[in-house]
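Here are some exercises to work through at your own pace. Try each task first, then read the solution step by step.

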Amino acid sequence: MGPEQAIQKSVLDFLAVKKLQVKAQGGNLWFGKMHTGPLLVGNGKKIPNPMAGFPDVPCLYQRKGETRGQLIGFEVKPPGKKLSPDQVEMHEALTEAGAIMLVVESMDDVAAFFGEYDAKQRNPRSPHDER
């Protein structure tokens, strides 16, 4: 298992536990691993994947009482690795559509995101905070 795959496994394991916690609180969390590399067809020929650039681990997070979930995309990269041009393009498009896109180097990055995101949702800023 390479470094990126090891990080992906730890992220998926973390999300499996997070899903149990969220369900126990009346919400839901859906996630999975995307394959966005070239596709093999027929005689072993490779063709480009139309999902190239989609995040490694897409996640739909819906807390108790919410009527809509939030799409969160986790792009897993070992430290020092950069997004490909396809990934940059896809992340920009998904962000424009309302998704939250993150590049993560460890499971700790994912845990920190959820900690901050949940804290913001529990304590939303009032319009009066701008004064």
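A salt bridge is a side-chain nitrogen of Lys or Arg within 4 Å of a carboxyl oxygen of Asp or Glu. The model you see is predicted, so local features need pLDDT of at least 70 and side-chain atom pairs count only at pLDDT 80 or more, while totals for chains, interfaces and linings use all residues. Residues are numbered from 1 along each chain as its sequence is written, and side-chain values use heavy atoms, with hydrogens and water left out.

**Exercise 1. Find which residues are linked with Arg-63 in a network of salt bridges.**

Step 1: Start with Glu-66, whose side chain meets that of Arg-63 in a salt bridge of 2.7 Å, N to O.

Step 2: Look for another partner. The side chains of Arg-63 and Asp-118 also form a salt bridge, at 3.2 Å, N to O. This pair links distant parts of the chain, 55 residues apart: Arg-63 is in the loop between β4 and β5, and Asp-118 is in helix α3. (Helices are DSSP runs of H or I with at least four residues, strands are runs of E with at least two, and both are numbered from the N terminus.)

Step 3: Put the network together: Lys-18, Arg-63, Glu-66 and Asp-118.

Step 4: Check the accessibility. Buried means under 20% relative accessible area, exposed over 50%, and partly exposed in between, with a 1.4 Å probe and protein chains only. Arg-63 is buried because its relative accessible area is 14%, and Asp-118 is buried at 10%. Glu-66, with 27%, is partly exposed.

**Exercise 2. Explain how Asp-13 and Lys-9 are placed in helix α1.**

Step 1: Their side chains meet in a salt bridge of 2.8 Å, N to O.

Step 2: Count along the helix. Asp-13 and Lys-9 are 4 residues apart in α1, so about one helical turn separates them.

Step 3: Compare each value with the cut-offs. Asp-13 has 41% relative accessibility, so Asp-13 counts as partly exposed; Lys-9, at 43%, is partly exposed too.

**Exercise 3. Work out which element gives the most to the largest nonpolar core.**

Step 1: Recall the term. A nonpolar core is a set of buried Ala, Val, Leu, Ile, Met, Phe, Trp, Tyr and Cys residues joined through side-chain atoms within 4.5 Å. In soluble globular proteins, nonpolar side chains tend to be buried together.

Step 2: The largest core has 17 residues, and among those with the most contacts inside it are Val-11, Tyr-61 and Phe-114.

Step 3: At least two core residues come from each of α1 (3–24), β4 (57–62), β5 (70–76) and α3 (107–122). The answer is α1, with 5 residues.

Step 4: Look around Val-11. Leaving out residues up to four places away in sequence, Val-11 touches Val-57, Val-76, Val-104, Ser-106, Met-107 and Val-110 (contact means heavy atoms within 4.5 Å).

Step 5: A second, separate core of 5 residues includes Phe-54, Met-90, Ala-99 and Met-101.

**Exercise 4. Decide whether Asn-28 and Trp-30 are buried or partly exposed.**

Step 1: Locate them. Asn-28 lies in strand β1 (residues 28–31), and Trp-30 lies in β1 as well.

Step 2: Asn-28 has 14% relative accessibility, so Asn-28 counts as buried. Trp-30, at 40%, counts as partly exposed.

Step 3: See what Asn-28 touches: its contacts include Lys-19, Leu-60 and Tyr-61.
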